[in-house]
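Reader: I am new to this structure and would like to go through it with you. Could you take my questions as they come?
Author: Certainly; here it is.

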Amino acid sequence: MLPIRPTVCATLLALGAVASVQAQSSVSLYGMVDMSVGQAQAPGGASTKVVDSGRMSTSYWGVKGSEDLGGGLSAIFTMESFMLNDTGAAGRFTGDAYFARNSFVGLNSKSLGTVKLGRNTTTLFVNTLVFNAFGDSFSFSPAIRHYFISGTVSGDTGWNNSVMYATPSLGGLSATATIAAGEGNGGRNSAFSAMYFGGPVGLGFAWQKAKMGAAVDDTTSWQLGGSFNFSPVKLYAQYGKVDNDTTGNSFKITGLGADYAVTSAGKLMLQWGKVSPDVGAGRTTTTLGYGHQVSKRTDLYAAYMSDRQTGKTNGTAYAVGVRHRF
């Protein structure tokens, strides 16, 4: 992160005043750039050679800040924009909102938790990325692909017009509740999640109900996730279900994965996932990858994915890329 600080005055008296202000408030600029070369291919589709942005993690930049209000209470804000670095365009796709990653203001209390108002990342998305070996990769994480780009869960990975409350961590246990106003477009979204991290064990549960209006199906989704770290190996498991409340179809989604720390800087990753619908074609996706941290802010990666859907030819994708954080 790159802190944005006020100009320091010449006198010692002014330096002391600035130091006092900085102890009470801060604003930071930060982000990540991900670029790669490789191939993209959906099941049943043609292969395309690509120089692409955000295949391992979606590129973004953001500004966030906080102000100490006293008594353990702080005002906070975050504004984050996705980027397509291969073209220089903002967003994840044409027509995406400028600050589509997060855009909120809120209050944080050390003892009572955090309330955020605005556009917030969904807790189902967070639970999905935490408990799989490929994190938030839309190109290579089977879990992310099966929940968010396979016609199962409706709605985005962030909810507009939302109010989110997160508890403080108590002995490794925390919980989050979210409500998003429908504002005359078909209803109100709601979500709940809980996570526990203690020693080598991680556990998570997420539930959400998305009411999307007349143009998009309503869905109710839940997911259990877990991880166990017995270094140098870390194991991941997920199981969940998405009920399409509009069509009556249901999707069971299973995921298993592992990563292995080959060295202090290098990591092998393997993730498998399966979508089993009541009606329609099933889908099985397997990804193998390697990541190498070359510095605190920069890493290199390589990934290969096999994506199989019933009744279609196999889709294969691969990439070699670099991520840089700032």
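Author: Let us begin with one pair of strands: β10 and strand β11 (residues 189-198) run antiparallel and are joined by eight bridges. Strands pair here if DSSP finds at least two bridges between them. A180 stands opposite N189 in β11.

Reader: Before we go on, what kind of model is this?
Author: This is a predicted model, in which local features need pLDDT of at least 70, side-chain atom pairs count only at pLDDT 80 or more, and totals for chains, interfaces and linings use all residues. Residues are numbered from 1 along each chain as its sequence is written, and side-chain values use heavy atoms, with hydrogens and water left out.

Reader: Which strand pairs with β9?
Author: Strand β9 (residues 158-166) pairs with strand β10 (residues 173-180) in the antiparallel sense, over five bridges. Y165 stands opposite A177 in β10. The hairpin of β9 and β10 has six residues between the strands, and G171 there takes a positive phi near 60 degrees.

Reader: What is unusual about phi in N161?
Author: N161 has a positive phi, near 55 degrees, although the residue is not a glycine. Most residues other than glycine have a negative phi, and most peptide bonds are trans. N161 lies in strand β9 and is partly exposed, with a relative accessible area of 38%. Buried means under 20% relative accessible area, exposed over 50%, and partly exposed in between (1.4 Å probe, protein chains only).

Reader: Where is there a cis peptide bond?
Author: The bond between S231 and P232 is cis, with omega about 15 degrees. P232 is found in the loop between β13 (219-230) and β14 (233-244).

Reader: Let us step back. How many helices and strands are there?
Author: The protein has three helices and 19 strands. These are DSSP runs numbered from the N terminus, helices being H or I of at least four residues and strands E of at least two.

Reader: Why does the radius of gyration agree with a compact globule?
Author: With 326 residues, a compact globule would have a radius of gyration near 20 Å, and the protein has 21 Å, which agrees. The radius is taken over C-alpha atoms, and the globule rule is 2.2 Å times the number of residues to the power 0.38. The C-alpha trace spans about 75 × 45 × 40 Å along its principal axes.

Reader: And how much of the protein is buried?
Author: Of the 326 residues, 41% count as buried.

Reader: Now the far end of the numbering. What does β18 pair with?
Author: Strand β18 (residues 298-309) pairs with strand β17 (residues 283-293) in the antiparallel sense over 11 bridges, and a hairpin of four residues joins β17 to β18. The bridge partner of Q293 is D299. On to strand β19 (residues 315-325): 10 bridges join β18 to this strand, and the two run antiparallel. S306 has T316 in β19 as its bridge partner. The hairpin of β18 and β19 has five residues between the strands, and G311 takes a positive phi near 85 degrees.

Reader: One last residue: what does D52 touch?
Author: Not counting residues up to four places away in sequence, D52 touches D34, M35, S36 and D86; contact means heavy atoms within 4.5 Å. D52 lies in strand β3 (residues 48-53) and is partly exposed, with a relative accessible area of 24%.
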